Amino acid sequence: MKLRPIAAALLGLASAANLHAETSGSAANSELELIVVSGRAEKPLKDVAGSVSVVTTDEIEQLQLNDMNQLFQYEPGVEVTGAAGSAQNILVRGMGGDRVLIIKDGMRVNEGYGADGQNDIIGRGFIEIDTLKQVEVAKGAASSLYGSDALAGIVVFTTKDASDYLEDGEQFGGAIKTGYTGITSQSHISPALALRTGNFEQLLHTTFREGEEQQNFNESQDPFEIESKSLLYKAKYSLGGEDFISFSIDHWNQESTGDSADGLLHYFRGLADYGYNIVKEESVSDKKVRAYQLRYHSETPSAVYDQLNISLYQNKSEQEDEQYGQLDINAPMFGVFEIRDMWETSLYRQDTIGFLSNASKTLSETHTLGYGLDLEKTESRRTVHQYREVEDSSTMDVTTDKFPENEVSRAGLFLNDEMTFANGQLVVTPGIRYDWYEMDPNGAEKTDGTPFATIEESNTSFNLGALYKLNARLSAFAQYGQGFKVPAYDLAYIEHYLQPTSTYAYEVLPADDLSPETSDSFELGLRGHLGPIAFSTAAFYTEYDDFLETALINSETFFNDDGSFSHVFEQYQYQNIDSVTIKGVELSANWYLSPAFELFANASYQRGENDTTGEYLTSISPLSGVIGASYTGAQLSSQVLVRWADRMDRVNEGETEAPGYGSVDWTLGYQLMEQMSLNLAVNNLLDKEYVPYLNVAGWEEGSDIYVNSAPGRTFSASVKYDF
């Protein structure tokens with residue numbers, strides 16, 4: 001495979017927006033990817049200010065990327081936590097949680113859920129990779145165009161259309177792809193059919209996957225099986241010219257089954273000596289998405305717009321986790337003798353409906369105005385049902401809400417401008433957006449009988465970008481952006497009590513007086529090409545104010561009547577702290593030795609600290625990057641990539657460090673015939689044992705970090721037939 005589309009994307013550094021792109025050619029050329037920036041209107045990636053990474057469908061196939069956690073492994077400054085089948089989260093320049101807005105075909109995807117806002121229970125990877133045409137990651141605050149949650153950046157997934165399978169004049173086409181990936185022992189098949197009849201075109205794309213968990217180097221993880229299926233249907237009717245109306249259905253399901261129920265049985269794992277024996281355990285996790293969208297697009301000029309987009313959508317996400325365990329209890333000291341069956345069913349559900357609109361109007365050759373209105377409403381719920389049974393008699397039947405069922409309403413109005421000066425050498429893009437939101441707990445009450453508060457806020461976000469073309473081959477850019485994030489419903493309303501051990505219990509108290517998190521992002525960069533060498537570089541500095549984190553507000557030690565130690569009880573609450581700062585540098589370069597041979601490299605350095613305590617942020621990765629070489633011929637293409645990371649020793653006291661590493665990947669692509677292609681990949685070619693720092697970030701010093709090591713050598717292959 002040639003890495004030129006990735007190189008081109010890294011050369012283009014773009015301000016955040018409703019990104020939509022088309023693939024293009026070499027980074028050495030001026031025809032780079034198109035993305036939607038000012039006013040959400042397409043323009044070349046090379047002509048905008050800010051940073052963006054792009055992954056195309058060709059790279060997904062040639063690099064054998066089959067899961068979201070693999071999607072950005074060669075992209076500087078973008079990482080994904082979590083393994084296949086588990087909760088996953090995207091980090092942009094060291095900031096994750098729900099502080100990165102994720103958009104799929106214009107629709108807001110589900111938020112995550114978990115301890116300390118880390119999305120470790122409910123992830124954000126409810127996406128089928130084979131349906132994607134392009135993925136773009138805009139780095140830095142982007143609330144001037146997208147409002148709440150675009151605090152650290154946005155990730156935009158764009159799915160394929162019928163036109164991606166049909167040449168001009170063709171009425172029927174499609175593709176079928178099948179393959180195997182050793183990382184998850186997964187087989188998959190993806191048939192796609194496209195049909196064009198007159199002004200009407202349709203696409204039906206389905207994918208079926210069956211595999212296992214992603215193992216560590218020693219293959220010692222608890223086994224579980226993963227099955228997923230997806231259906232994408234798109235219909236588009238041309239109204240003449242570039243005007244059209246379209247409708248889409250996007251369904252996705254994934255089921256994971258295993259023989260472990262840690263969440264349910266964690267408390268009992270250390271009680272075998274007291275007569276509590278685990279006889280049986282199993283778990284099932286079922287994730288699903290149901291998304292629908294109706295869209296109108298017009299490029300027929302009017303008095304108020306040259307281009308107009310309007311869409312209505314609904315996006316429903318759900319995850320149900322059921323765990324079962326059976327205990328054989330023979331505990332004379334407690335007077336308990338029984339066979340106990342235990343079930344715990346946890347349900348997370350989120351439903352978003354939205355009206356999105358944006359338009360652009362060219363006022364003159366040097367002045368283009370963009371504007372839009374967004375209205376969205378999200379309902380969220382999290383329930384846990386606990387059931388216990390002894391000798392067919394129920395001993396517990398309790399349903400609790402981890403936070404009250406709530407509604408979040410959002411309204412945003414944005415305006416941005418693109419102005420050119422000095423005969424087109426200087427491009428300035430200011431933008432401003434006003435947002436209002438309301439979080440309503442629907443009259444729910446806390447355990448003490450007082451009502452949860454309704455949270456209502458408004459915010460104005462500003463952005464200013466500038467790009468100066470020093471000459472035909474070299475450009476400099478600068479950008480300042482503001483971001484903000486609504487206090488998440490689970491952090492504000494969570495009310496949770498747990499006794500994980502017999503000597504320790506804790507409680508999380510609701511905090512419905514939280515302020516929105518805000519960010520100020522600054523970026524400077526230089527990009528261009530000197531002869532056969534293309535390069536880009538960017539330095540960034542971001543300060544996050546009113547940052548949310550858990551705080552210990554009370555700790556008590558309890559004693560028995562005889563004076564002996566009983567247990568420790570602690571109370572926590574989410575609170576705003578003063579600020580967190582993340583800064584860093586990103587570099588990339590490509591050396592085109594000939595039309596067939598290319599050398600490339602990129603690197604990312606980040607440093608993040610809590611400005612109040614001086615502690616390091618555990619979401620920051622060490623200095624890391626990729627170096628490699630590629631060959632592209634008429635039928636054969638191949639590349640060698642070395643992923644590397646420096647030792648991570650910037651950790652807080654008592655936390656584990658992680659050694660540096662280098663891992664070699666190799667890919668091979670071959671065009672078997674005009675319509676059939678073969679792609680092979682070997683990951684960790686030298687079978688090296690290593691641990692990515694984010695896999696063990698925040699672990700206690702002395703922990704066995706290699707239990708979370710990366711997989712050893714694995715092989716992947718796929719065959720695709722286009723018709």
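Which strand gives the most to the nonpolar patch? In this predicted model, the answer is β31, with three residues. The patch lies on the surface and consists of Ile533, Trp591, Leu593, Phe597, Leu599, Tyr631, Leu636, Tyr670, Leu672 and Met673, which together have about 870 Å² of accessible area. At least two of its residues come from each of β28 (597-610) and β31 (661-673). Tyr670, a patch residue, is found in strand β31. Its relative accessibility is 33%, so Tyr670 counts as partly exposed.

**Strand β8 and its neighbours**

Strand β8 (residues 132-139) is mostly covered, with eight of its eight residues buried. β8 pairs in the antiparallel sense with strand β3 (residues 51-56) over six bridges, and in the antiparallel sense with strand β9 (residues 153-159) over seven bridges. Ala138 of β8 takes part in both pairings: Val52 stands opposite Ala138, and Ile154 is the bridge partner of Ala138 in β9.

**Salt bridges**

The count of salt bridges comes to 32. Three of them are listed below.

| Pair | Closest N to O distance |
|---|---|
| Asp149 and Arg108 | 2.7 Å |
| Arg209 and Glu128 | 2.8 Å |
| Arg349 and Glu318 | 3.1 Å |

Asp149 and Arg108 meet through their side chains in a salt bridge. Because Asp149 lies in the loop between α3 (143-146) and β9 while Arg108 belongs to strand β7 (residues 107-108), this pair ties together parts that are 41 residues apart in sequence. Both partners are covered: Asp149 is buried at a relative accessible area of 3%, and Arg108 is buried at 5%.

Arg209 forms a salt bridge with Glu128. Arg209 is in strand β12 (residues 200-212) and Glu128 is in the loop between β7 and β8, so the contact ties together parts 81 residues apart in sequence. With 6% relative accessibility, Arg209 counts as buried, and Glu128 is likewise buried, at a relative accessible area of 4%.

The salt bridge of Arg349 and Glu318 links distant parts of the chain, with Arg349 in strand β17 (residues 336-364) and Glu318 in strand β16 (residues 307-331), 31 residues apart. Arg349 is partly exposed, having a relative accessible area of 41%.

Salt bridges also link Asp105, Lys133, Asp161, Asp164 and Lys234 in a network.

**Aromatic contacts**

A search of the whole structure finds 20 aromatic pairs. One of them is the stacked pair of Phe126 and Trp252, at 5.5 Å centre to centre with 20° between the planes. Phe126 lies in the loop between β7 and β8 and Trp252 in strand β14 (residues 243-258), so the rings tie together parts that are 126 residues apart in sequence. Phe126 counts as buried at 6% relative accessibility, and Trp252 counts as buried at 5%.

Trp343 and Tyr387 form a tilted pair, 5.7 Å centre to centre and with 50° between the planes. This pair links distant parts of the chain, Trp343 in strand β17 and Tyr387 in strand β18 (residues 367-390), 44 residues apart. Both rings belong to partly exposed residues: Trp343 has a relative accessibility of 26% and Tyr387 one of 22%.

Ring pairs also join Tyr267, Phe268, Tyr274, Tyr276 and Phe334 into a cluster.

Charged groups sit over rings as well. The charged end of Arg93 is placed over the ring of Phe540, 4.1 Å from its centre, and Lys236 lies over the face of Phe244, at 4.3 Å from the ring centre.

Technical notes. Residues numbered from 1 in each chain as written. Predicted model: local features only at pLDDT ≥ 70, side-chain atom pairs only at ≥ 80, totals over all residues. Heavy atoms only, no water. Buried < 20%, exposed > 50% of the residue type's maximum accessible area, 1.4 Å probe, protein only. Helix = DSSP H or I, 4+ residues; strand = E, 2+ residues; numbered from the N terminus. Pairing = 2+ DSSP bridges. Patch = residues over 30% accessible without salt bridge, like charges linked within 9 Å, V, L, I, M, F, W, Y side chains within 5 Å. Areas by Shrake-Rupley, 256 points an atom, 1.4 Å probe, with all protein chains shown as cover. Salt bridge = Lys/Arg side-chain N within 4 Å of Asp/Glu carboxyl O. Phe/Tyr/Trp six-rings, centres within 6.5 Å; stacked < 30°, edge-to-face > 60°. Lys NZ or Arg CZ within 6 Å of the ring centre and 35° of its normal.
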